[in-house]
Amino acid sequence: ATPTALMVGTGRGAQLGILVTGPEVLEQTRRIDTVLLDKTGTVTTGVMRVEKVQPAYGVDADRILAAAAAVESASEHPLGKAIVAAAQHLPVRDVTDFTCTEGVGVSGIVGSERVRVGSARELGGHLPMRLHQALDAAHGRGATAVVVGIDGDDHATEYGVIVVADTVKESSREAVSQLKRMGLTPVLLTGDNTGAARFVADLVGIGQVIAEARPAEKVNAIKDFQRRGDVVAMVGDGINDAAALAQADLGVSMGTGTDVAIAAADLTIVDGDLRKVVDAIALSRRTLRTIR
Ligand code: ADP
Ligand code: MG
């Protein structure tokens with residue numbers, strides 16, 4: 001009978017490290033035809049490391065790093081963790097008036113100065129040439145780069161760029177090729193820069209990229225697919241993905257990600273291995289074939 005088969009399928013999923021919020025999730029999983037994948041922490045490990053600090057001419061690199069670390073100490077983002085770790089040898093001050101805008105960046109008062117750390121799209125408007133070059137070079141080889149701005153009393157801003165490297169998960173390329181073989185369309189959906197996103201997409205074999213998407217834009221991207229009649233799975237790990245996970249026909253979270261993403265998802269891949277998204281779809285197809 002139907003409920004029994006679904007229960008068996010659910011139990012089998014749990015053995016594989018695939019947790020669902022209820023047996024009916026398997027029915028939804030079976031109907032998926034488009035799989036949107038977040039980049040950072042989903043296709044990549046999300047364990048980030050600072051590679052380079054590039055200050056503007058006449059600005060001290062350690063001053064940029066310490067100021068950024070002060071603000072990022074209040075952030076949960078992998079970028080923030082990398083910046084804090086890289087500044088361990090420096091005196092890092094407390095931050096007040098901290099604000100975080102998901103998919104954009106963070107800001108706070110350090111000492112008496114306003115410090116902002118965020119995407120080039122948001123903060124990159126008035127950068128000196130050498131910082132534009134640092135951003136382009138980083139994005140061109142798939143690294144993420146953030147802009148740091150320290151607003152001085154004299155209304156001048158001291159700028160720097162911090163380049164942060166991430167690594168594609170070993171399993172991601174195989175997962176993407178399996179998805180394609182099953183007839184599903186993979187799409188990379190990320191808040192990161194277009195260049196960095198394209199680089200990672202090429203590495204793992206994803207054709208379509210939607211980049212520089214803030215959380216609300218991720219939701220809109222999913223609605224666009226749904227309007228065309230696609231049945232969409234969204235796979236993500238971050239607070240910035242939560243609204244998109246809820247909007248998708250099937251929200252899939254990485255067990256290695258944030259609690260907010262896990263709570264918003266219908267299905268959780270405990271160890272964060274993307275091949276298990278493929279396993280989940282295969283399992284749902286098998287389970288429901290048994291019923292019919
Ligand atoms: P993704 O979709 O790749 O997980 P996010 O939506 O979390 O990326 O972030 C998109 C972009 O916003 C980042 O690439 C970065 O430029 C900026 N950003 C987000 N959070 C932070 C932060 N804590 N510090 C600095 N920049 C941030
Ligand atoms: Mg992410």
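Serine 107 stands opposite arginine 116 in E6. That pair belongs to a predicted model. Strands E5 and E6 run antiparallel, joined by six bridges. The chain holds 13 helices and 13 strands. It is divided into two domains, and ligand 1 lies between them, because both give residues to the shell around it.

**Overall form**

- The radius of gyration of the chain is 21 Å, close to the 19 Å that the globule rule gives for 292 residues, so the chain is as compact as a globular protein of that length.
- Along its principal axes, the C-alpha trace spans about 75 × 35 × 30 Å.

**Domains and their contact**

- Domain 1 takes in 2-45 + 167-291, and domain 2 takes in 49-165.
- The C-alpha centres of domain 1 and domain 2 are 31 Å apart.
- Contact between them involves 15 residues of domain 1 and 13 residues of domain 2.
- On the domain 1 side, helix H3 (39-43) and helix H9 (194-204) are the elements that give two or more residues.
- H9 gives the most to that side, with four residues.
- By class, the side of domain 1 that touches domain 2 has five nonpolar, seven polar and three charged residues.

**Ligand 1**

- The shell around ligand 1 has 22 residues, of which Thr40, His77, Gly103, Ser119 and Gly191 come nearest.
- The elements giving two or more residues to this shell are H3, helix H5 (78-86), strand E5 (105-110), strand E6 (113-118) and strand E7 (144-151).
- H3 therefore has two roles: it gives two or more residues to the shell around ligand 1, and two or more to the side of domain 1 that touches domain 2, while the ligand itself lies between the domains because both give residues to its shell.
- The shell residues divide into five nonpolar, 13 polar and four charged.

**Strands E5, E6 and E7**

- Two residues lie between the strands in the hairpin of E5 and E6.
- In that hairpin, glycine 111 takes a positive phi near 65°.
- E6 also runs antiparallel to E7, with five bridges joining the two.
- Valine 115 has isoleucine 150, in E7, as its bridge partner.
- E5, E6 and E7 are also among the elements that give two or more residues to the shell around ligand 1.

**The seven-stranded sheet**

- An open sheet of seven strands follows the order E1-E13-E12-E11-E2-E9-E10.
- Its pairing is mixed.
- Strand E1 (18-20) and strand E10 (208-210) are the edge strands, each pairing on one side only.
- From one strand to the next, the twist averages 25°.
- Within the sheet order, E13 and E12 stand side by side; strand E12 (residues 250-254) and strand E13 (residues 267-269) pair in the parallel sense over three bridges.
- Serine 253 stands opposite threonine 268 in E13.
- Helix H10 (residues 215-227) packs on the sheet.
- H10 touches strand E2 (34-37), strand E9 (185-189), E10 and strand E11 (232-236).
- The direction of H10 makes about 155° with that of E11.

Definitions and conventions:
Residues numbered from 1 in each chain as written. Chains lettered and ligands numbered in written order. Predicted model: local features only at pLDDT ≥ 70, side-chain atom pairs only at ≥ 80, totals over all residues. Domains from an automatic or database assignment. Contact = placed C-beta atoms within 7 Å. Nonpolar A, V, L, I, M, F, W, Y, C, P; charged D, E, K, R; others polar. Near = placed C-beta within 6 Å. Pairing = 2+ DSSP bridges. Axes fitted to C-alpha atoms, helices over the stretch in contact; angles between N-to-C directions. Rg over C-alpha atoms; globule rule 2.2 N^0.38 Å.
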